[in-house]
Amino acid sequence: MELTKEAMDKETKELLKRTLAMTDDKLLLKFAKSYATKDQAFAEAIIEKFLPIENNVDYKKMVTDCFLHRKKGGARRYGSSLDWTAIRKDIKRVLKQLDYLRQQQDGVTAAEGALLMLEKLADEFNNDCVYQDYNYENSNFGNEQALAIVNDVLLNDKYVARDHKMGIERISKSSGGWHDAQPWHQRLVELGQRTNDKDIIRTSAQWLFAKGNIRQEEKKDYYHIYKATFGKDDWPAHRDIMLQKGEDGNVGTDMLFELYQEEKLFDKMYAYLQKLPDHMGYYSYAPYQNSGGKRLAFFSRYANLLTDKQCAEMVDALFKSIQLDSRRAKTRDDYARVASGLHLLGLSCEKGKQQACRLAAQILRDNPKKPAFREEIGKYEY
């Protein structure tokens, strides 16, 4: 139903324009609600104009229209700068409409609209180069509300059967630097477990293991969650891919060695050991930083799992590295690193002990006028 259209004189139009410009939005809304309760035609006109119709909502237009507001003058990469004051008002209105759709169980439309809102917020804000407008409040406005809508759709059982996988690569893209995909992958793992959806568990558990900014023990948990989705015969091929992603990603060396030991992949452990740096100055588990670096620190701990041939090859390589560092050593810190490296080499295996004793004796013999070096070497038994 439409309100009766009556002519409005110029003076009244101007007064209305000035009045609306000076009126607080909340007061205006309160007045509209009060007036609508007294005027049936006015109430029906509001409903017809603003109520979203389920399954018939052009959410793309709703969202994109929020970002049509431009300021006069100013500059950005692709035209005039954004009028964030007007944009914020429209975002607030559209998100209320999307949330209404969510409550009416049209979760897919609501979530798609919310995801598009996140993407547009990221794109438009990043393109706006008017520095006086550059403030976190504008960039982040609406993100939390939009994310809350998507979150409800992903986790609420009544939407799961319709499209529970929607939006997770898009979440990362739409974050624009203000949010990351990690909490959404964590939620999707939970959702996959609740719905026994192995595909969604695998995708998100693998991402969290390789890229997640979480504790290493949590990464190990996601590794096992991922593993549990495969049968015994299928696991080896997927296991190797998973561990390679761990090496290339954000998994700590300690955790990778634990997993190689757990899976009894000692040849792969040795191959990974060879990739580790052996430069002087890496902080290890020894009392001091050691010559031989990260490679020696882990070799001394896991040598007992390697073959005699692998141990011999590693000892020879580390012996040369420590020997070179001993010749370059000039300060007490350098001497301490060499001594610590020799100590760890001696703890690794029988050949390591023999070579550590040999090099320690050589250093003492070649440096009679360096008491500090001799003192550091003398702190350990080889």
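This is a short selection-by-selection tour of the chain you have open.

**Before you click**

The model is predicted, so local features need pLDDT of at least 70 and side-chain atom pairs count only at pLDDT 80 or more, while totals for chains, interfaces and linings use all residues. Residues are numbered from 1 along each chain as its sequence is written, and side-chain values use heavy atoms, with hydrogens and water left out.

**Stop 1: the whole chain**

Start with a cartoon view: you should find 21 helices and 0 strands. Both are DSSP runs numbered from the N terminus, helices being H or I with at least four residues and strands being E with at least two. Now colour by burial: 45% of the 382 residues count as buried. Here buried means under 20% relative accessible area, exposed means over 50%, and partly exposed lies in between (1.4 Å probe, protein chains only).

Switch on a surface, and about 21,600 Å² is exposed, with carbon and sulfur atoms supplying 50% of that area. Accessible areas come from the Shrake-Rupley method with a 1.4 Å probe, and for residues only the protein chains shown count as cover. For contacts (heavy atoms within 4.5 Å), take pairs at least 6 apart in sequence: 64% of these join residues at least 24 apart.

**Stop 2: two surface patches**

Select Lys-26, Lys-33, Lys-92 and Lys-96, which gather in a patch of positive charge on the surface. Patch members have over 30% relative accessible area and no salt bridge; like charges are joined within 9 Å, and nonpolar side chains (Val, Leu, Ile, Met, Phe, Trp, Tyr) within 5 Å. Lys and Arg count as positive and Asp and Glu as negative, with His and the chain ends not counted. Each charge is placed at NZ of Lys, CZ of Arg, CG of Asp or CD of Glu.

Helix 2 (25-36) and helix 5 (84-103) each supply at least two residues of this positive patch. Zoom in on Lys-33 in helix 2: it counts as exposed, at 55% relative accessibility.

Stay on helix 2 and pick Leu-28. Leu-28 is partly exposed, with a relative accessible area of 34%. Add Met-8, Leu-16 and Leu-20 to the selection, and together with Leu-28 you have a nonpolar surface patch with about 320 Å² of accessible area.

**Stop 3: helix 15 and its surroundings**

Next, select residues 253-262, which make up helix 15; its buried residues are Thr-253, Met-255, Leu-256, Phe-257, Leu-259 and Tyr-260. Which helices do they pack against? Show helix 12 (198-211), helix 13, helix 14 (235-248), helix 16 (266-275) and helix 17 (293-302) to see these partners. Just after helix 15, look at the backbone of Lys-264, where phi is positive, near 60°.

In helix 13 (residues 216-227), find Glu-218. Glu-218 is partly exposed, with a relative accessible area of 25%. Draw a distance from its C-alpha to that of Leu-208, 10 residues away along the chain, and you should read 8.8 Å.

**Stop 4: salt bridges**

Side chains of opposite charge can pair when their charged atoms come close. The structure holds 14 salt bridges, each a side-chain nitrogen of Lys or Arg within 4 Å of a carboxyl oxygen of Asp or Glu.

Begin with Asp-240 and Arg-239, whose side chains meet at 3.1 Å, N to O. Asp-240 is partly exposed at 29% relative accessibility, whereas Arg-239 is buried at 13%.

Move on to Asp-254 and Arg-301, a salt bridge of 3.0 Å, N to O. Asp-254 lies in helix 15 and Arg-301 in helix 17, so this pair ties together parts that are 47 residues apart in sequence. Asp-254 is partly exposed at 28%, and Arg-301 is partly exposed at 35%.

Then select Glu-376 and Arg-332, whose closest N and O atoms are 2.7 Å apart in a salt bridge. The pair links distant parts of the chain, 44 residues apart: Glu-376 in helix 21 (residues 371-377) and Arg-332 in helix 19 (residues 332-348). Is Glu-376 buried or exposed? At 3% relative accessibility, Glu-376 counts as buried, while Arg-332 is partly exposed at 37%. Add Glu-375 and Lys-379 to see one network, in which salt bridges that share partners join these residues with Arg-332 and Glu-376.

**Last stop: helix 18**

Finish at Gln-323 in helix 18 (residues 308-328). Gln-323 counts as buried, at 15% relative accessibility. Leaving aside neighbours within four places in sequence, Gln-323 is in contact with Leu-359 and Gln-362.
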